[in-house]
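Subject: Structure for your review

Hello,

Here is the structure I said I would pass on. My notes on its side-chain contacts follow below it.

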Amino acid sequence: MYLRNLAVAATALCGLVAFSPTAAHAQPSNADGKLHVWNDPEATGTECTWTGSAGTWGACENKGSTIWNNGYSGIDAVDLYWGEFHTGAHACISRGDWWETAGGTYHFTYGQGLQGFGDNVNDNIASHQWVDYCSQG
């Protein structure tokens, strides 16, 4: 994860090379304002993208294994919700972050006492909302 984030930072600073999360599925280094989600690890399988918040994830609902916040500066983070229409516990992914969730590293850590709190986010996200920053709110 550290090396991936370092590659993203270096690319953003230099703007000369494209960030390639995987050889099979290269992505541009410039922000496109979208949340990218793939159903399988390493950016494979069905891809879903959004430029705004979504109350349901359609073909990617409860199937996301790779998540990339390629948003613009200003609205920097995305709250990922356990339930549809921004309900239940949530996790927050910051702008530029790339998550491979199949390994069990990422959990719903916001919203103690809400449904889904503490659960692994892999194949368990139903909606999302763009926010200014990650917080316990």
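In this predicted model, the side chains of R95 and D76 form a salt bridge, with 2.8 Å from N to O. The two residues come from distant parts of the chain and are 19 residues apart. R95 sits in the loop between β5 (87–94) and β6 (98–100), while D76 sits in the loop between β3 (66–70) and β4 (77–83). The structure has one salt bridge in total.

As for solvent exposure, R95 has a relative accessibility of 40% and therefore counts as partly exposed. D76 is at 25%. The limit for buried is under 20%, so D76 is also classed as partly exposed.

Next, the aromatic side chains. How many aromatic pairs does a search of the whole structure find? The search returns four. One of them is W99 with Y106, whose ring centres are 4.2 Å apart and whose planes differ by 10°. Planes under 30 degrees apart count as stacked, so the pair of W99 and Y106 is a stacked one.

Are W99 and Y106 buried or exposed? W99 has a relative accessible area of 8%, so W99 is buried. Y106 has 15% and is buried as well.

There is also an aromatic cluster, made up of W38, W68 and W98.

To recap the contacts for your setup: the salt bridge joins R95 and D76, the stacked pair is W99 with Y106, and W38, W68 and W98 form one cluster.

Regards

Terms used
Residues are numbered from 1 along each chain as its sequence is written. This is a predicted model: local features need pLDDT of at least 70, side-chain atom pairs count only at pLDDT 80 or more; totals for chains, interfaces and linings use all residues. Side-chain values use heavy atoms; hydrogens and water are left out. A salt bridge is a side-chain nitrogen of Lys or Arg within 4 Å of a carboxyl oxygen of Asp or Glu. Helices (H or I, at least four residues) and strands (E, at least two) are DSSP runs, numbered from the N terminus. Buried means under 20% relative accessible area, exposed over 50%, partly exposed in between (1.4 Å probe, protein chains only). Rings of Phe, Tyr and Trp (its six-membered ring) pair if their centres lie within 6.5 Å; planes under 30 degrees apart count as stacked, over 60 as edge-to-face and the rest as tilted.
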